[in-house]
Every structure is written in structure tokens, then in C-alpha cells.
Amino acid sequence: MSDAILKVEGVIKNFGGFRAVGGPDGLTFNVPRGGFLGLIGPNGAGKSTTFNLVSGVLKPSEGRVVLEDKDLSDCKASDIAGLGLARTFQTPRAFPSLTVLENVMVGVSHTNEGPFSAMLGNWRQSDGELREKAQAALAKVGLHGHEDDEVGNLSGGELRMLEVARQLVREPKVFLLDEPTAGVDPTLQQKLASLLADLHAAGTTLIVVEHNLAFLLNLADRVVVLQNGALLAEGAPDEIRRNPDVVAAYLGADHEA
Amino acid sequence: MIQSLLLSTLMFGALFSVLSISLNLQYARGGMINFGTVAYFAAGAYAYAIFTQEPPSGLDQYAFGFDLPWWAGFLAAGVAATLFALITGWPTLRLRGEYLALTTFAFAEVLHSFLLNERRIGNGSVGLANVERPDLSFFGLDEQIGYAVAACVLMLVTAWLFNRLLASPYGRLVDATRDDETAAEAVGKDTTRTRLQVFVISAIPIGFAGALYAMITTLVSPALFTAEITFFVWIALVLGGERTILGAIIGTMALVFFQELVRMIPFESVRSAQIAASVEEVLTGVLFIIVLRWQPWEKMKRRKGA
Ligand SMILES: Nc1ncnc2c1ncn2[C@@H]1O[C@H](COP(=O)(O)OP(=O)(O)OP(=O)(O)O)[C@@H](O)[C@H]1O
Ligand SMILES: [Mg+2]
């Protein structure tokens with residue numbers, strides 16, 4: 001487990017004069033291969049910004065992110081995704097002019113995806129297989145039966161699950177989820193919990209941002225707590241629950257420890 | 001009379017449909033506003049003329065003439081449009097919406113004034129006359145009919161290829177890139193590359209259409225390639241309902257028919273012909289505004305969907 005698949009090394013992100021991530025010395029933490037990391041902290045602590053920095057949506061002002069010994073500093077977001085990193089967004093994103101199924105199919109890489117293959121038509125053989133994969137991913141997040149729906153007709157929670165399915169179908173090595181249970185009903189939350197547990201068991205590295213600690217702390221094997229962009233605490237879920245700094249800054253004195 | 005009206009509508013309608021089909025791919029599907037359409041058309045026409053004409057002699061001011069057969073000129077037109085699309089697309093595709101529209105427009109204006117002022121390309125404002133064209137009598141066809149058929153073939157091939165393109169996984173990628181680039185990047189899609197590909201692919205048939213246009217008119221000159229052509233194609237696209245290849249074709253055919261009809265009216269004097277020309281433009285504008293304001297196609301679509 002000492003083998004870190006993802007390393008965040010002294011990362012700082014400034015927006016103008018405001019330091020959203022990094023604190024005084026930059027943010028540093030490692031994620032072991034196959035680990036399940038919970039990333040928590042108050043609103044505005046810099047959790048989503050950290051996700052943006054890791055996934056290449058934003059570039060660090062200082063420091064670097066390393067994925068499997070590869071420095072991501074010069075990588076585009078699409079390159080990073082191509083290396084096996086997946087992420088969802090806090091505000092779910094979708095492709096409104098595609099159906100639900102097509103939204104997921106965009107996620108699967110296609111060997112004959114280029115424009116010339118398209119005109120020659122030699123993508124057809126593999127498209128059926130792709131469709132089945134996408135359907136299976138939709139079933140895993142409880143969206144079976146919605147394949148041909150328009151994205152615009154999905155509920156907020158369903159939209160969130162659609163985004164999970166679109167990344168799931170890519171079979172990522174590292175999967176970052178930003179508040180996956182927000183707006184999702186309890187039944188589906190349970191489904192999501194068992195899905196994440198299965199992924200974890202299968203060796204996928206997970207990093208999950210969540211304010212729903214009952215959900216997260218049962219699943220995660222390690223927790224990083226951010227406050228004002230800096231690392232406030234790091235440890236096993238039980239240590240974090242009892243950590244007086246975390247209690248003061250985030251959990252509140254009367255949380256159920 | 002009627003026959004020649006229908007024939008020229010078919011010929012120019014099909015020819016300009018190639019432009020509107022390409023614009024449909026670029027704008028309606030790719031989400032890129034290109035207000036420099038005429039530049040790729042001009043690049044194709046000039047490339048064709050230059051590659052097929054004889055080397056300069058006598059009073060010619062142009063510097064190049066390669067005297068190649070028509071098909072080599074036709075291919076050169078495609079290459080020229082590709083190159084111009086790469087040159088204009090590479091630095092500008094980072095821009096969005098109206099910024100892209102303005103820059104592409106500016107690029108087209110630069111090309112226009114370059115053709116006008118750099119006489120070594122195409123004799124400046126005089127242009128290149130007597131452009132070579134293939135001998136269609138070989139097929140036993142009337143010239144006009146032959147070129148109408150050629151335009152239809154180019155239109156159909158373009159429509160067919162673009163239709164295949166959009167019906168494939170690549171079509172999904174194009175739609176996804178337009179809808180949400182960040183989300184497309186998050187599943188590993190290089191949206192910059194996709195946008196450039198779409199931009200260039202849709203410029204190629206425009207270049208071929210330019211070559212065909214040069215064959216039909218046997219003249220290329222800067223006066224033939226003004227921003228009016230760009231706006232004409234945009235209006236045709238909007239008239240046709242914007243989002244489908246068939247719509248683009250119908251819109252273009254209708255607009256060309258309307259213009260050819262006005263042109264058919266015999267006039268007593270130059271003055272009245274001039275007035276008619278302005279009236280035609282005003283009417284085109286009014287038609288455009290009506291379509292934009294009441295969106296009849298959207299309503300039809302909704303009725304069909306309901
Ligand atoms: N693009 C941006 N420009 C300027 N400031 C930003 C930008 N993105 C984030 N911030 C600021 O950075 C800080 C951290 O934001 P971030 O979204 O990372 O918080 P978070 O920990 O995800 O919070 P929440 O729990 O509410 O989602 C906030 O103060 C936010 O206002
Ligand atoms: Mg957040």
C-alpha cells in the first residue's frame with residue numbers, strides 16, 4: 001500500500017490575490033493505489049478546486065500533481081482523463097442534445113472514432129458492444145429504462161448518476177466524485193454506496209468529496225480534511241471523527257462521534 | 001424561359017448548398033460561427049484557376065500558371081481550402097461565439113484585400129478570365145446541364161459524407177463537444193482537436209465548390225468573392241431551419257430560386273434593373289427577419305413532435 005498512485009505535491013492555486021488551495025506551504029497528500037480517500041472540509045475549503053487541479057480543469061499556480069509517476073503539469077484535461085483518471089462535477093454536467101444512452105456512450109473510447117472511420121462506416125462492428133457496455137453502466141446507477149430519455153427530462157439526482165455512469169463505463173483507475181450523494185434519494189444512495197464498495201474491492205482508487213459523513217466515513221479508509229485550502233488533518237475515519245481540530249472547524253461540537 | 005430558370009436554380013442552388021451543408025456541420029453541429037465562409041470558396045476558385053491556367057505571358061500580371069488538367073486544379077482547390085482552414089482555424093478556435101465570428105470575418109476580408117492588391121496572385125481587381133474548364137461535350141451534354149449535374153453530384157456527395165459523419169460515434173463527439181467541452185474533456189476527448197477537425201473538414205467541400213464555380217463562370221475576381229456570399233449562405237441556412245442537411249439544401253434552393261426569379265424579370269432600363277436588385281436584397285432581408293422572428297420551422301417541429 002506504500003505505492004502512491006496519485007501525489008499532490010505542494011500545490012497552490014491562487015485566484016487573483018486569493019489563495020483557494022495551498023495555504024502557506026502548498027497542499028501535499030498522497031493517495032495509495034486502490035485506496036478510498038475521503039476529502040472533506042467546510043464550504044469553500046478548496047475541495048472542488050483540488051479536484052479541478054488534479055483533473056487538469058485548472059492548472060496549479062505552484063506545485064505539481066503526479067499520477068503513476070507521470071507529472072501532469074503539461075497535460076491537458078483530456079490527456080489526464082486518457083491516463084485513466086475520471087471525475088464527476090459538483091454541478092453535474094451532461095450533453096443535452098444527446099440521449100441518456102448516448103451520453104454514456106460518449107464516455108467509452110472507440111477505436112474507430114475518427115472522422116474518416118465515420119465516413120467509411122467501419123465503426124459499426126464495435127458500436128453494438130459499446131451500447132451494451134453503456135447500458136450495463138446505466139443499470140448500475142439505477143438508470144435502466146431511461147436509455148432513450150432526453151437529458152433535459154432527468155431529475156437532479158438522476159443527472160448526477162448519469163455522470164457517474166459516463167465515467168464508470170471508462171473503467172477508470174482513479175475515480176474522483178464530487179458530492180455524489182447531494183440531491184440523491186436514500187435508496188439510490190445505498191445503491192451508490194455498494195457500487196463504490198464494489199469498485200474499491202475491484203482495486204479502483206477512489207477519492208470522494210462529501211458533506212454526507214455518515215455515507216463517506218463508512219466507506220473511506222483514509223480521510224483528508226481541508227480548511228481554507230490547507231490540510232487540517234489526515235488519518236483514518238475514526239481518528240478524524242475524534243480530532244479536536246476537525247470537530248472545531250467542521251464537524252461541530254455536538255456531532256455524533 | 002422557365003427551363004433556364006429551373007436549370008440555373010438547380011445549378012447555383014446545388015453549388016451553394018455545398019456551402020450551406022458545410023456551414024450546417026460547422027455551426028449547427030459544431031457550434032462554431034464562421035463569418036468567413038467566402039474565403040474558403042475563393043481559395044478553391046483561385047487555386048483551381050491558377051493550377052489550370054497557362055503560365056503568364058504578355059500583359060498578365062499574375063505570376064503562376066501551371067497548365068494542369070482540370071482534375072488537378074479541382075484537387076488543388078480542396079487542398080487550398082484545407083490549408084486556409086488550418087491557418088485560420090488553428091489560432092482562432094480557442095475563441096467562442098461572436099469572437100470567432102469576428103475573427104473569421106476579418107480573415108476573409110484580409111484574403112479579399114490580398115487578392116485585390118497582390119496582383120501576382122490573380123491580376124488584382126481584374127481577376128483571371130477564361131478559366132479553363134473540362135470539355136463536357138464528351139458526355140454529349142449541354143454545358144449548362146453538365147454543370148448543373150456536376151453541382152448536384154458535389155452536393156449529394158457532400159451531404160452523404162457529412163450525414164455518415166454525423167450519424168457515427170464521431171457525430172456524438174461533435175455534439176458532445178458543442179454541448180459541454182469541459183465534460184467532453186473529462187471523458188478524455190480532445191475538444192480542441194475535434195473543433196479543428198470539424199472546421200477543416202467542412203471547409204474542404206467549400207473549396208471544391210469554389211473550383212466548380214470558377215468553371216461555371218470562367219472568371220475569378222475579387223468582386224465575385226465578397227462577404228455577400230457569406231451572408232447569403234447564412235441566410236439560406238437559417239431559412240432552411242438550421243439543423244439538418246435537408247433543411248440546408250431546401251433553404252438554399254429556395255433562396256437561389258427567389259433570386260434567379262427576380263433576375264429573370266426583363267427591365268427596360270439599367271435604372272429599373274438597379275432598383276430591382278435593391279428590392280431583391282431588401283426582400284431577402286425581410287424574409288430573413290420573418291424567419292428569425294416567427295421561427296416557423298421550430299413550430300413545425302414542435303407540432304410534429306407533439
Ligand atoms: N474560478 C474561481 N475564481 C475565483 N475564486 C474561485 C474560483 N473557484 C473557486 N473559487 C473560490 O475558491 C474557494 C474554494 O472553492 P471550492 O469550490 O474549491 O470549495 P469547496 O471546498 O468545494 O466548497 P463546497 O463544499 O461548498 O463545494 C472558494 O472561496 C471559492 O469562492
Ligand atoms: Mg465543492
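Colleague: Where is B:T218 placed?
Modeller: This is a predicted model, in which local features need pLDDT of at least 70, side-chain atom pairs count only at pLDDT 80 or more, and totals for chains, interfaces and linings use all residues; side-chain values rest on heavy atoms, without hydrogens or water. Residues are numbered from 1 along each chain as its sequence is written, while chains are lettered from A and ligands numbered from 1 in the order in which they are written. Helices (H or I, at least four residues) and strands (E, at least two) are DSSP runs numbered from the N terminus. On that numbering, B:T218 belongs to the loop of chain B between α9 and α10.

Colleague: What is the phi of B:T218, and is the residue buried, partly exposed or exposed?
Modeller: Phi of B:T218 is positive, near 50 degrees, although the residue is not glycine. Most residues other than glycine have a negative phi. Buried denotes under 20% relative accessible area, exposed over 50%, and partly exposed the range in between (1.4 Å probe, protein chains only). B:T218 has 25% relative accessibility, so it is partly exposed.

Colleague: Which loop holds A:E171, and what is its relative accessible area?
Modeller: A:E171 also has a positive phi, near 50 degrees, and is not glycine. Its loop in chain A runs between α6 (156–168) and β8 (174–178). The residue is exposed because its relative accessible area is 62%.

Colleague: Which residues does B:D180 contact beyond its neighbours within four places in sequence?
Modeller: B:D180 sits in the loop of chain B between α7 (169–179) and α8 (181–186). With 10% relative accessibility, it therefore counts as buried. Contact requires heavy atoms within 4.5 Å. Beyond those sequence neighbours, B:D180 is in contact with A:R93, A:A94 and A:F95.

Colleague: Which helix supplies the largest share of the largest nonpolar core?
Modeller: A nonpolar core is a set of buried Ala, Val, Leu, Ile, Met, Phe, Trp, Tyr and Cys residues joined through side-chain atoms within 4.5 Å. The largest has 83 residues, of which B:L15, B:F16, B:F41 and B:F225 touch the most other members. Its largest share is 15 residues, from chain B helix α9 (residues 191–217).

Colleague: How many residues are in the other core that lies apart from it?
Modeller: Among the members of that other core are A:L138, A:I240, A:V246 and A:L251. The number of residues in this separate core is 47.

Colleague: Which residues does B:F41 contact, leaving aside neighbours within four places in sequence?
Modeller: B:F41 is one of the residues that touch the most other members of the largest core. In soluble globular proteins, nonpolar side chains tend to be buried together. With those neighbours left aside, B:F41 contacts B:L15, B:F16, B:L19, B:I206, B:A209, B:G210, B:Y213, B:F225 and B:I229.
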